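I opened the model to look up a few strands, charged pairs and enclosed spaces. My notes follow in the order in which I went through them.

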Amino acid sequence: MFQRLFFSLLLFCVPLSYAHEDPLSAYFVDLWTSHDGLPHNSISAIAQTEDGYLWFATWEGVARYNGRSFALFDRNEQTHIQDSGIKTLAADANNQLWVGGARGSLVTRQGKTWRPNTSVSGLINHVLVDQNKNLWIAIESLGVIFRPFIKEGQYGKDKWLIKDSSAYRLTKNNDGIYAGTADGLYKLTPTSADQISTNHFKHATYISTGNNGDILIGAENGAWRWDGESFHSFSSELSNQKITVVEQDHNGSYWFGTINKGVARLNNGELEFIDVKDGLPHNRVLSWFEDIEHSIWIGTNGGVIRLRKSLFNTTNKYDGLVGGYVRTVLEIEDDRLLIGTNSGLSVIEDGHVNTRFNSVEALSTLSLAKKKGGGAWVGTYQKGLFSWQNGVLKKELDDKSGLPINQVRAILEDSNDNLWIGTTLGIVKKSPDGQLQHITKLTDGLYDNYVMALAEDELGQIWVGTGLGAGYWKNNQFHPLDLSSQEDAQYVFGFYIEPGYVWLVSDRGVIRYRQSDKSLALIGRPQGLLIDKFFQIVKDNQEHFWLSSNRGIWRIGYQDAHSVADGHQTSIHFEHYNENDGMASSQANGGSTPAAIKAHNGKIHFATADGVASIQPESLALQDSTPLPLILESVSFDLRDINPEDIVIAPAGTNRVSIAYVGLSYIMSQRLQYRTKLEGFDDEWVYRGNQATADYTNLPPGHYQFYVSVRYPYGEWNKSVLLYEFTLEPLLWQRKDIIGITFLSIILLIGSIIVWRVNILKKSELRLKEQVEEQTRTLRLQSKMFEALSKEDALTGLANRRAFDANLKRLYETAKADKQALYLAILDIDYFKNINDQYSHLVGDKALICFANILNELATSKDHVARWGGEEFTMLYLGDNPKQFFDNVHKRIEQNNYDHIEKGIKITASIGVAGGTQLDDYETTLKQADNALLNAKHNGRNRVEFYQDPAS
């Protein structure tokens, strides 16, 4: 949906001192333009209301952003906006938003309701609401108006405080109200305007309030600060710049927008600039905003960018590393890391590369280990073993002096001062007296000569990871582990040692070895992990394990891992991180050690194909503990949008209720996962994945409560929130009183007939009984009809989601018991919204019916296909040729002639398929099919994607 950029930065130094902040290069940057849904690329103002929505002022209306898409509000009867050109936004208490702009238009929005306010005679540049709810309005070319508050929605007569001068912006501090104008800076009261004389600048084009109450001023000749007594220039570097924005963030850094030089940030005496050559969409900066997640939003003439701190920071060759492909990382001293790359060694100190320690010769480094007495041992790809001390490399061993081969992938200096050197032709053990012992598969029983990991446990046992398994060396003998029961694991890439336990990372997941009974337990795909191969395991200070892999970094709970290994828990919860979280490459490296470490300060560092990726796990604590705000976006009854704040009654006969919702997190918005529950209809939570809408058809009359819960990917579910409560009125024949009266009337009528017939003619007794039975059969048929309606989609005639869920559970258990191959597909009509928008909803409904008929015709059984919701359908297949079957479905959809619906219309579908004979649970199969569907969409739509185990 949006582009991602990283900035190269031009640095300037100025004499100002305060708290140090990360450089702008540590920020992750997102860009939005009109291609992404903005109505216009010039962003005049940015605001965030109490509910969490972000708002952007443009010359084509106000855009509201929910983290997934933009909603436009422009000139119409609903908004009362007089002209779509919007210049200013102001968020106020009680979730209120002030919107001002061209033609003096001034409106407020509260919740979902827009209200007009008395307009003024010129362009509104800015609006300020003070602590007494009084209104202050800055107007282009005219001045400043004071509008006293009387009561909600009512203000007194306008009073001009400044006349015949362009007023650009207003701000307030503990001393009062200030105005930036073409004639300089003013201090205002409800009855006066006092000009603050200055010889430093004339036009105060932008003003704001700093964290300490100082007034910050942007002028044509730089940026200034007014402390109540005198003016101070921020930087001589800005003195020749026209400043369009000056703001201070929560950390104390100052931000400056310019007219044609981009944006600058002043922090700890450093002035950093970014402009179009660095990726800024336009050099003219119009607006700035820091949201509640402390992301920085910058509006320009070419779109809006967001700067946010990523979870991971990457240090790579662009930061000075001697090589980009990092294989190993070691902490040699506090805040000092030794990095082994494909081109040699580098040192990172306090987060920065110390280039004077870069390796002077191109040593392709495979492994590192601490050296007693200081420095490190260095294992190379082609030149054997070295020692490193303060930048000086010394060769220790090679194939001419005792190594069987020069490729050294693991090193360990044990508690007895023995040096263990793991190569691809076995282990060389060097004793303190210099004697060498060559340990191999042939002579000593190693599983394999290809050694990738070495570690020592608290018992003095030396653990060895190889390409064919693992074991430990004790009493001059190798003791192998039988890993065949652990999904036939072979490659063991690394270890984590703790008292009583040894954790192994392998090509089949994580294996726990318990010292007390020598038992093994697996945490892998059968326990819920999505991939097989992991390279390194590290435990943080928050009781989590971190696992590196070719497919990013994974985090699992330490206690959860023990619980799964002990059999008390069947599956493991995890979180997955990749490039979207700041990693330059999600390919973490393995086969040499250590490929990941935890430093003394708790930060974890991973060797990757593009530098060292580092994360401070404590930074995730806030994310995990902060509840995500959930917002009700819209509600519609039979495709007719209603205001859910005013309407809580669905008319009798309503066939479809659609509810849209969203979790307002702007950092991981596209990856949020949802589940819903409609109390009164759903017995259990319905997992929605990334889908932010819920559709219900053929609901019986009654009272309903709609709950939503949200979570970050694979995290814990947030507390559920009641978003909407409504009552579906019954039709006349569904009303309880009418049903009661009708039933009583029928009983009385039948009774009267029986009495009359008995009194008149005894012979009619048999016929009367037949009539009673006929009436009873009719009632039963009606009851069955009502039951069918609750399980059937009225539009397409297919089973609805509720019926399909019940059928899926039944088939799933049967297939699993009979070891049959069961496949589940989720089908999504491509760009269905375009069909509704281009041809009408009537045509869209015909398209849905036609699409359903095709699926019903191709399905092996009628109960194997259902309408999932909206334009999504589900389909089951029992058999051994799923690819042929679903390819046939895809071709039939694509090649079908839809001219009978609307001439020229084309319909295609994206299909995600999951399943097989190795079935775990149907919820996992649903998630995998949904994942495959997302892949189908991402890969261009109009295709079939089968869920694939992530590649090695």
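Entry 1, a hairpin. Before reading off the hairpin I fixed the term: two strands count as paired if DSSP finds at least two bridges between them. I also kept in mind that this is a predicted model. With that rule I looked at S22 and S23, which form a hairpin with five residues between them. In the turn, Gly213 has a positive phi of about 95°. S22 covers residues 204-209 and S23 covers residues 215-219. I found five bridges joining the two strands, which run antiparallel.

I then checked how covered S22 is. Five of its six residues are buried. Ile207 lies in this strand and stands opposite Ile217 in S23. Ile207 has a relative accessibility of 0%, so it counts as buried. I noted the general rule that side chains in a regular strand alternate between the two faces of the sheet.

Entry 2, from Ile207 to a charged residue. I took the distance from Ile207 to Glu247: the C-alpha atoms are 8.2 Å apart, and the two residues are 40 apart in sequence. Which residue does Glu247 form a salt bridge with? The partner is Arg169, with the closest N and O atoms 3.8 Å apart. The pair links distant parts of the chain, as Glu247 is in strand S26 (residues 243-248) and Arg169 in strand S18 (residues 167-173), 78 residues apart.

Are the two ends of this bridge buried or exposed? The cut-off needed here is 20% relative accessible area, under which a residue counts as buried. Glu247 has 11%, so it is buried. Arg169 has 21%, so it is partly exposed.

Entry 3, other salt bridges. I counted 29 salt bridges in the model. One of them joins the side chains of Arg64 and Glu633 at 3.5 Å, N to O. Arg64 sits in strand S6 (residues 61-65) and Glu633 in strand S61 (residues 630-637), so the bridge ties together parts that are 569 residues apart in sequence. Both residues are buried.

I also looked up Glu543 and Lys539, whose side chains meet in a salt bridge of 3.1 Å, N to O. Glu543 is partly exposed at 35% relative accessible area, whereas Lys539 is buried at 15%. Apart from such pairs I noted a network: Arg512, Arg514, Asp517 and Asp566 are joined by salt bridges that share partners.

Entry 4, the sheet that holds S6. I went back to the strand of Arg64 to see its neighbours. S6 belongs to an open sheet of four strands, in the order S4-S5-S6-S7, with antiparallel pairing. Strands S4 (45-48) and S7 (70-73) are the edges, each pairing on one side only. Neighbouring strands in this sheet are turned by 25° against each other on average, direction ignored. Between S6 and S7 I found four bridges. The bridge partner of Tyr65 in S7 is Phe70.

Entry 5, a helix. I picked H2 (residues 558-565) and asked how many of its eight residues are buried. The number is six, so the helix is largely enclosed by the rest of the structure. I listed the buried residues as Tyr558, Ala561, His562, Ser563, Val564 and Ala565. The general geometry of an α-helix is 3.6 residues a turn, so residues three or four places apart point the same way. Just after H2, Gly567 takes a positive phi of about 85°.

Entry 6, enclosed space. I searched for cavities of 30 Å³ or more and found one. The space in the largest cavity is about 30 Å³. Which residues line the largest cavity? The lining consists of Thr49, Asp51, Trp55, Asn95, Leu97, Arg109, Gln110 and Gly111. I sorted these residues into two nonpolar, four polar and two charged.

Entry 7, the whole chain. I closed with the overall values. The protein chain has 10 helices and 74 strands. Of its 952 residues, 53% count as buried. The C-alpha trace spans about 120 × 95 × 50 Å along its principal axes.

Notes:
Residues numbered from 1 in each chain as written. Predicted model: local features only at pLDDT ≥ 70, side-chain atom pairs only at ≥ 80, totals over all residues. Heavy atoms only, no water. Buried < 20%, exposed > 50% of the residue type's maximum accessible area, 1.4 Å probe, protein only. Salt bridge = Lys/Arg side-chain N within 4 Å of Asp/Glu carboxyl O. 1 Å grid on protein atoms, 1.4 Å probe; cavity = no way out; pocket = protein on both sides within 12 Å on 5 of 7 lines; lining within 4 Å. Points joined across faces, edges and corners; volume = space filled by probe spheres on them. Nonpolar A, V, L, I, M, F, W, Y, C, P; charged D, E, K, R; others polar. Axes fitted to C-alpha atoms, helices over the stretch in contact; angles between N-to-C directions.
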